[in-house]
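This report describes how the strands and helices of one model are arranged. The sequence and structure are shown first, and the description follows.

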Amino acid sequence: MERERIGFTTTIPVEIILAAGDVPIDLNNIFVSSADAGDFIRRAEMDGYPRNLCSWIKGIYGSVMMSAPVDRIIIVTEGDCSNTISMLETFQVMAGAPPIITFNFPHNRDASRLEVEMRRLSSALGTTLEAAEEKRRALLSLRNKLRRLDDLTWKTSQVTGGENHLYLVSSSDFGGDPEVFERRLDAFLEEAEKRPSGRPKIRLAFAGVPPIFSNLYQYLSDHGAEIILNEMQRQFSMPYDCESLVEQYLLYTYPYDVFSRLKDLAVEIKRRRVHGLIHYVQAFCHRGIEDIVLRHELDIPILTLEGDAPGQIDARTRLRLETFLELIQSKVQNG
Ligand code: SF4
């Protein structure tokens with residue numbers, strides 16, 4: 001039987017898609033890595049999506065309508081953003097749009113409700129939660145290797161912040177095939193472990209949704225700074241010690257309130273001895289409001305960086321980054 005391509009717009013229990021024998025496709029990765037990303041946004045605007053709307057939403061919509069990368073889409077209607085719900089409604093009326101399956105992360109982190117949601121998704125994909133549990137166990141070794149990659153980023157700097165970002169952000173769908181992904185990861189780790197250890201002058205954390213900029217990590221490396229903690233990308237890799245799929249997706253911080261993110265960030269910032277935090281906010285995203293809480297609660301220099309369309313960082317952003325790096329550099333020098 002032909003394997004179905006199951007798309008999604010935010011990280012969901014990928015183990016269920018794999019248990020069903022289908023191919024998981026994170027539409028964020030399709031959009032942002034495409035040479036046609038700008039065309040996808042323009043298509044959404046031509047179909048009536050407002051100009052002052054998050055580019056991720058428009059890009060995902062455009063990629064689905066223009067390149068038809070999936071057979072069905074899972075849309076998260078609780079635990080993601082309201083823009084996604086509006087996108088779902090447009091898919092319901094647009095000719096050529098794929099059928100939708102909905103999924104919810106209960107905002108109150110209720111384990112029994114989450115289990116009901118996982119069983120519902122399993123049944124919609126023609127599998128069971130028990131089969132997905134087996135997949136979770138099968139993926140443990142791969143997830144542990146991603147933890148190893150993360151350790152090589154902050155403990156020895158044998159992995160750059162940009163490499164860390166790429167591998168961890170891809171773990172939402174494992175590039176569609178966990179076995180191929182694991183082979184690539186094995187080869188990368190073997191090569192990285194032979195690199196000399198180092199220590200960047202400036203150790204940064206990156207919080208918020210993954211950046212839409214294509215050269216942010218390179219720019220920072222070129223200026224003596226390295227991102228040694230990628231908050232959300234690390235969350236996508238599910239680096240938890242847990243006993244079940246329900247527990248794993250309750251520990252995952254993204255869909256719930258900002259305070260679980262805050263707790264995770266505070267622990268990792270201290271453990272990794274981070275000098276400063278870049279809080280990335282997407283233009284027109286409600287998550288920008290969470291900046292208030294992060295600034296209120298984290299005792300560390302914070303630069304809030306806003307991005308809009310895919311591409312390289314602009315001159316104003318470069319200037320703000322340079323000023324921030326100078327500030328951190330002087331703090332580090334003065335102890
Ligand atoms: S960046 Fe914000 S507005 Fe855009 S899809 Fe993500 S959560 Fe929604």
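In this predicted model, strand β1 pairs with strand β3 (residues 72-78) in the parallel sense, through 3 bridges. Two residue pairs place the register of these strands: Ile-6 is found opposite Arg-72 of β3, and Phe-8 has Ile-74 of β3 as its bridge partner.

Strand β1, which spans residues 5-8, is also joined to strand β2 (residues 23-26), by 4 bridges and again with a parallel course. Here Arg-5 faces Val-23 of β2. Between β1 and β2 the chain passes through helix α1 (residues 14-19), and the resulting β-α-β crossover is right-handed.

The residue pairs named for these strands are collected below.

| Residue | Opposite residue or bridge partner | Strand of the partner |
|---|---|---|
| Arg-5 | Val-23 | β2 |
| Ile-6 | Arg-72 | β3 |
| Phe-8 | Ile-74 | β3 |

These pairings belong to an open sheet of 4 strands, ordered β2-β1-β3-β4 and paired in parallel. Its edges are formed by β2 and β4 (100-104), each of which pairs on one side only. On average, neighbouring strands of the sheet are turned by 30° against each other, with direction ignored. Helix α5 (residues 82-93) lies across β3 and β4. The direction of α5 is at about 140° to that of β3.

A separate topic is the packing of two helices. Helix α7 covers residues 129-154 and helix α8 covers residues 161-169. Their axes are 10 Å apart, and the helices pack at an angle of about 165°. Since angles over 145 degrees count as roughly antiparallel, α7 and α8 are therefore roughly antiparallel to each other. The crossing of α7 and α8 is left-handed.

Which residues of α7 and α8 make the contact? From α7 the contact draws on Leu-146, Leu-149, Asp-150 and Thr-153, and from α8 on Gly-161, Asn-164, Tyr-167 and Leu-168. By class, the residues of this contact of α7 with α8 comprise 4 nonpolar, 3 polar and 1 charged.

Technical notes:
Residues numbered from 1 in each chain as written. Predicted model: local features only at pLDDT ≥ 70, side-chain atom pairs only at ≥ 80, totals over all residues. Pairing = 2+ DSSP bridges. Right-handed = clockwise from strand over helix to strand, strands pointing away. Axes fitted to C-alpha atoms, helices over the stretch in contact; angles between N-to-C directions. Parallel < 35°, antiparallel > 145°, perpendicular 65-115°, else oblique. Left-handed = near helix turned anticlockwise from the far one by under 90°. Contact = placed C-beta atoms within 7 Å. Nonpolar A, V, L, I, M, F, W, Y, C, P; charged D, E, K, R; others polar.
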